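The exercises below are meant to be worked through slowly, with the structure open beside the page. Try each task on your own before reading its solution.

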Amino acid sequence: MKCPTVDELSLYVDDLVTGHESVNIDDHLEGCIECKRVVKALMEEHQFIKETLQTPTLPDDFDSLVLEQIRPYEKKSFLRKRAYWKPIALLAAGLVLAVGLTVTVNPTLAQWIGGLFSTERVDEGLRMATEAGFSERVDREVTDKGITFKIEDVVADSSRVSLSYKILNKNGKSQNIDLGLLDEGNEVRATDSLGNPLELTDIVLKNATDYGLIEFSLSEHQELDSIIVNFNLTRLNGKQGSWKLDVPVDLKESLKATKTIPFQNVKTNQHGVIIDMQKVRFTPSSFELLYETDFTKEEKIKLEKNIGKLEKQYGKEIANDMRNSYGNDIKYHIENEKMKTVYNKNPFSNGHDNELGFLQASGQFLGDIGHVAWNDSFIPIEDDHELTIVLDGIYKTEPSDFSITMKPKELKKKPVSFEYEGNFMTIKKVKLKKTEFQIEIEGYREVTGSDLTDWVLVDDKGKAYPTFRTGGTSNDKNELATTTLFSYGVNEVPKELTLRLISATRYYEVKDKWKVPLH
């Protein structure tokens, strides 16, 4: 069977396909790990929407507030509260999608006050770049089959390119803005001024009802002073057609406003992880910190030995998955000349307050276990400051050895509870849904507790299955969170099964704070 489209898999996750279609997809998922990952990502997306997103209501005096905002006023320097977006990594296509707050924005009003980039639906950095004059109204469109695809505004600098778009019917009414970039035939590419293709990284989609936003990183193409974004779409709003559109983007002025400070051999070794600072970059829409992390030689030897052990126990598939799972990250803050924290990154924080000024982080694996090139971006500071990064701690996803055995049929009467490295969990139930085997776990994790990262399911015949995880975490024992482990290939509920934790993400504090001036 040909791989289903993301739209078809989304309908499958929502139980909106026919019985025959469901059986076909079930059979396909048993042998296609890439589609399994897409299904996992869709389930995480739906869970996130269900648990956290609510549609805000505009105040009764919204019109007067808007009029007040567009009158001349004395500009003040302040940091606005940013909108948070949860990224969903779709590994099969190498894209990063983001689910955004779904808010009704009147299109006429949005155009009047400056388009999507002047509203609260985009991050603070894009709004600041717009206010500084780096937003361009392009109004380029193409129509086919009664459907119009329109690029309205572009904000571009040396760190990223963001384009706002709309999809309209023949009456000018906004339609479903999902571009379906994972569907066969729909493509977004970019070339330089000579037509040479560019490799786009960190492609992000965000939705704001009538508007869509597509964004990609330019971090690997710092030398360019112009690019052309090419849209080649074959399906919009459920209709087949041809929508081809080229959007030229001028980067000359933004390059003049970009400042880059390179580092030379600025590195440290903490808890078996090497941090190598590369550069810091100030652009109109973001402040970027670029660095690499890697395991030490000794750490890699240990991990390779453990991967060999896992292959003997559970087979190559699970062992190879762990090669990609073992990794590292850092927790740090950035302070100004008054030693006041202006930025904060905590990759495993449950609270937004612990990510002060943070926009997003992207990492590119460099081929070896744990070797990652990071690009962390933050809201730009309007005034010049002397900044210093302070390393607070290290996160490592590393081998773990913990297991718990249960009898599924007895869980309803006797749930199985366990405690491990600051996690207090109860296995509530086990069920087989179509070809998806699910284990529901409820509990909380202490603030300093480890993240229980990778589990293997072993049935009563000794056969091992990899698992995938959805759900959230809670640091409050009075507000328990639910996590679901699911696996494929289990045809019946076993009389007894064992969950084995093979990796956990642990935090190691840096006692003697490592500081690097960023000026």
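**Exercise 1. Two asparagines with positive phi**

Is N237 buried, partly exposed or exposed? Decide this for N237, and then treat N265 in the same way.

Solution. Keep in mind from the start that the model is predicted.

Step 1. Begin with the position of N237, which is found in the loop between β9 (226-236) and β10 (239-250).

Step 2. The relative accessible area of N237 is 28%, and the class called partly exposed lies between 20% and 50%. N237 is therefore partly exposed.

Step 3. Turn next to the backbone, where phi of N237 is near 55°, a positive value in a residue other than glycine. Most residues other than glycine have a negative phi, so a positive value deserves a careful second look.

Step 4. N265 also has a positive phi, about 55°, although it is not a glycine. The place of N265 is in strand β11 (residues 259-270), and because its relative accessible area is 66%, N265 counts as exposed.

**Exercise 2. A buried residue and its surroundings**

Describe where I227 lies, and find which residues it touches beyond four places away in sequence.

Solution. Step 1. I227 lies in strand β9, and with a relative accessibility of 2% it counts as buried, since the cut-off for that class is under 20%.

Step 2. Leaving out residues up to four places away in sequence, I227 touches V161, T191, L198, F216, L218, V247, P248, V249 and L251.

Step 3. Take V249 from that list: it is 22 residues from I227 along the chain, yet the C-alpha atoms of the two are separated by 5.3 Å.

**Exercise 3. The nonpolar cores**

Which residues touch the most other members of the largest nonpolar core?

Solution. Step 1. The largest nonpolar core has 40 residues, and among these M277 and I334 touch the most other members.

Step 2. A second, separate core holds 34 residues, including F149, I151, L224 and I227, the last of which was the subject of the previous exercise.

Step 3. Return to M277 and list its contacts, again without residues up to four places away in sequence: they are F263, V266, L289, L290, Y291, I389, W514 and V516.

**Exercise 4. A pair of helices**

How are α8 and α9 oriented relative to each other, roughly parallel or roughly antiparallel?

Solution. Step 1. Two packed helices are described by the angle between their axes and the distance between the axes. For helix α8 (residues 297-314) and helix α9 (residues 316-325), the angle is about 155° and the axes are 7 Å apart.

Step 2. Angles over 145 degrees count as roughly antiparallel, and α8 and α9 are therefore roughly antiparallel to each other. Their crossing is right-handed.

Step 3. The contact is made by E304, I307, L310, E311 and Y314 of α8, together with K316, I318, A319, M322 and R323 of α9. These residues divide into 6 nonpolar, no polar and 4 charged.

**Exercise 5. A loop residue**

Where is E337 found, and which residues does it touch beyond four places away in sequence?

Solution. Step 1. E337 is found in the loop between β14 (327-335) and β15 (341-345), and at 40% relative accessibility it counts as partly exposed.

Step 2. Not counting residues up to four places away in sequence, E337 touches H385 and E386.

Step 3. E337 and P517 are 180 residues apart in sequence, while their C-alpha atoms are 10.0 Å apart in space.

Notes: Residues numbered from 1 in each chain as written. Predicted model: local features only at pLDDT ≥ 70, side-chain atom pairs only at ≥ 80, totals over all residues. Heavy atoms only, no water. Core = buried A, V, L, I, M, F, W, Y, C linked by side-chain atoms within 4.5 Å. Buried < 20%, exposed > 50% of the residue type's maximum accessible area, 1.4 Å probe, protein only. Contact = heavy atoms within 4.5 Å. Axes fitted to C-alpha atoms, helices over the stretch in contact; angles between N-to-C directions. Helix = DSSP H or I, 4+ residues; strand = E, 2+ residues; numbered from the N terminus. Parallel < 35°, antiparallel > 145°, perpendicular 65-115°, else oblique. Left-handed = near helix turned anticlockwise from the far one by under 90°. Nonpolar A, V, L, I, M, F, W, Y, C, P; charged D, E, K, R; others polar.
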